[in-house]
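Let's take a relaxed walk through a structure, one piece at a time. Have a look at the picture first, then read on.

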Amino acid sequence: MYNAKAVIAGILVFAVLGTAPFWAGMTGKEYRSTGIIPPKDEKSCIENAEFMRAEHMRLLNEWRDEALRGENRVYAASGGKKWNISLQNTCLKCHSNHEEFCDRCHTANSVYPYCWTCHILPGESK
Amino acid sequence: MFVSLLLVLLIGAIAWAGSAAGFASLFGVALPYLAAAVFVVGMIRRMVYWAKSPVPFRIPTTGGQEQSLDFIRQAKIDCPGTQAGVFARMFLEVCLFRSLFRNTEADARAGLPANSGPGSVYYSSKWLWCFALLFHYCFLLVFLRHFRFFAEPTPQWVTWLETLDGLMQIGAPRFFMTGGILLAALLFLLGRRVFNGRLRCISLVNDYFPLWLLLGIVCTGICLRYFDKTEIAMVKIFIMGVTQFSPVSAEGIAPLFFVHVALVSTLLLYFPFSKLTHMAGVFFSPTRNAANDSRRVRHINPWNPPKQYFTYAEYEDAYRDVMAEAGLPLEKEPDRPAG
């Protein structure tokens, strides 16, 4: 092998970078469940759970546009039930524990939504 | 072009159907493991193979005046004479794609005032450089951003990257600019092969296939994030199982996710056997990594057979007596005087 020193150094760098996802996984903690605690006294959200898990961010974004830009405060769910479009008064009424519900998944997946730049966190003094 | 498109669509369709039919762990666990192993081992084998190939001569592609007399100014980066110059050249090549920046386009034009008629014009063409640079850096950032799925807790630098990437705060989930630029750059790189006649003429399946494959990866990725979402908390649990070598059930994850993973695995499997090895090859390229010093330094061909020397001292040892007999001058007289 020619230029063995440089080549072996390069191969080592490549091998480490090429397997980096595994190193990252092995050096970190385990992640087996989201650990979220859903509200206890309420059985169903405004839409079904699968939809809410995957699409809640889009729904919230549409709600913001409806309420603030369209001045429409009524959301008709797929079941036909009507809901008041409001993060503070509708969502947070049940999902009152921000740390045990929102943050559990968001922090783990590095999602930092900018809800709380305008809204006040539940339980936080004004 | 269509063959490679069909091939990518076929891989996607197989992954979709397979994961929908319950073979998700095949596409989500077994295939990525195989692909990662083939990628790493295949690339190392490649690099060792290249490193074993002798480069008997300096063959740098020169783009300027070589080192000469003191009063002639040398192009120190485009025709480097020292290791430092080579380092600067390689750095600019690898990080900024300098050789693409120097790209020129040749065109035949009618009615040139200088020729008073048709003639050829040469002009600088930066499009390829621009989109190639965008593609590679966005791809790197997109890869780095994915570390939020690989590690728990998510490294802080990933969050910083995402903050920068989603700085425009468009929509929810936030629009990541690198994803959009990546798609645009890939479409340009594909478009130039399709719409430029000369380029289309020299483009083969192995040029189109990686482009379609990357487009497939980018499109499924964008789809998974913005349009046909699957729950990323479940995806993270699943991927963490893979990276920690204790796979978990793939229940509840959309088939599109496995299409994405299968396409990425295909890319990794294909990588060491394709033109994509330029990732490592650029460092081994003797037209880039050699100093243009063939006039100052003696380069010995490494496959020359070992020389059979016969020094004068050995010659004299062998023929001393005969030489003494003939009365030839000797450096060392024989032990006994010649009879």
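## Helix 7 of chain B and beyond

Helix 5 (127-145), helix 6 (147-150) and helix 8 (177-195) of chain B are among the elements that cover the buried residues of helix 7 of chain B. Keep in mind that this is a predicted model.

So which residues of helix 7 (residues 156-165) of chain B are buried? They are Val158(B), Leu161(B), Glu162(B) and Asp165(B). These residues cover an arc of only 95° around the axis, so they end up on the same side of helix 7 of chain B. Now go round to the other side of helix 7 of chain B: there you'll find Gln156(B), Trp157(B), Trp160(B), Thr163(B) and Leu164(B), which are exposed.

Next, some backbone oddities. Most residues other than glycine have a negative phi, and most peptide bonds are trans. Here are four spots that go the other way:

| Where | What | Angle |
|---|---|---|
| Glu152(B) and Pro153(B) | cis peptide bond | omega about -5° |
| Ala172(B) to Pro173(B) | cis peptide bond | omega near -5° |
| Ser110(A) | positive phi, not a glycine | phi about 55° |
| Phe97(B) | positive phi, not a glycine | phi near 55° |

Where do the two prolines sit? Pro153(B) is in the loop between helix 6 and helix 7 of chain B, while Pro173(B) belongs to the loop between helix 7 and helix 8 of chain B.

As for the two positive phi values, Ser110(A) is in the segment after helix 5 of chain A, and Phe97(B) is in the loop between helix 3 (83-96) and helix 4 (98-101) of chain B. Is each one buried or partly exposed? Ser110(A) has 23 other C-beta atoms within 10 Å, so it counts as buried. Phe97(B) has 18 other C-beta atoms within 10 Å, so it counts as partly exposed. The cut-off for buried is 20 or more.

Finally, let's see where the chains meet. How many residues does each chain bring to the contact? Chain A gives 36 residues and chain B gives 36 residues. On the side of chain A that touches chain B, the elements giving two or more residues are helix 1 (4-18), helix 2 (20-27), helix 3 (49-69) and helix 5 (102-108) of chain A. Helix 3 of chain A supplies the largest share of that side, seven residues. Sorted by type, the residues on this side of chain A are 19 nonpolar, 11 polar and six charged.

Definitions and conventions: Residues numbered from 1 in each chain as written. Chains lettered and ligands numbered in written order. Predicted model: local features only at pLDDT ≥ 70, side-chain atom pairs only at ≥ 80, totals over all residues. Contact = placed C-beta atoms within 7 Å. Helix = DSSP H or I, 4+ residues; strand = E, 2+ residues; numbered from the N terminus. Nonpolar A, V, L, I, M, F, W, Y, C, P; charged D, E, K, R; others polar. Buried ≥ 20, exposed ≤ 12 C-beta atoms within 10 Å, placed from the backbone. Arc of directions from axis to C-beta.
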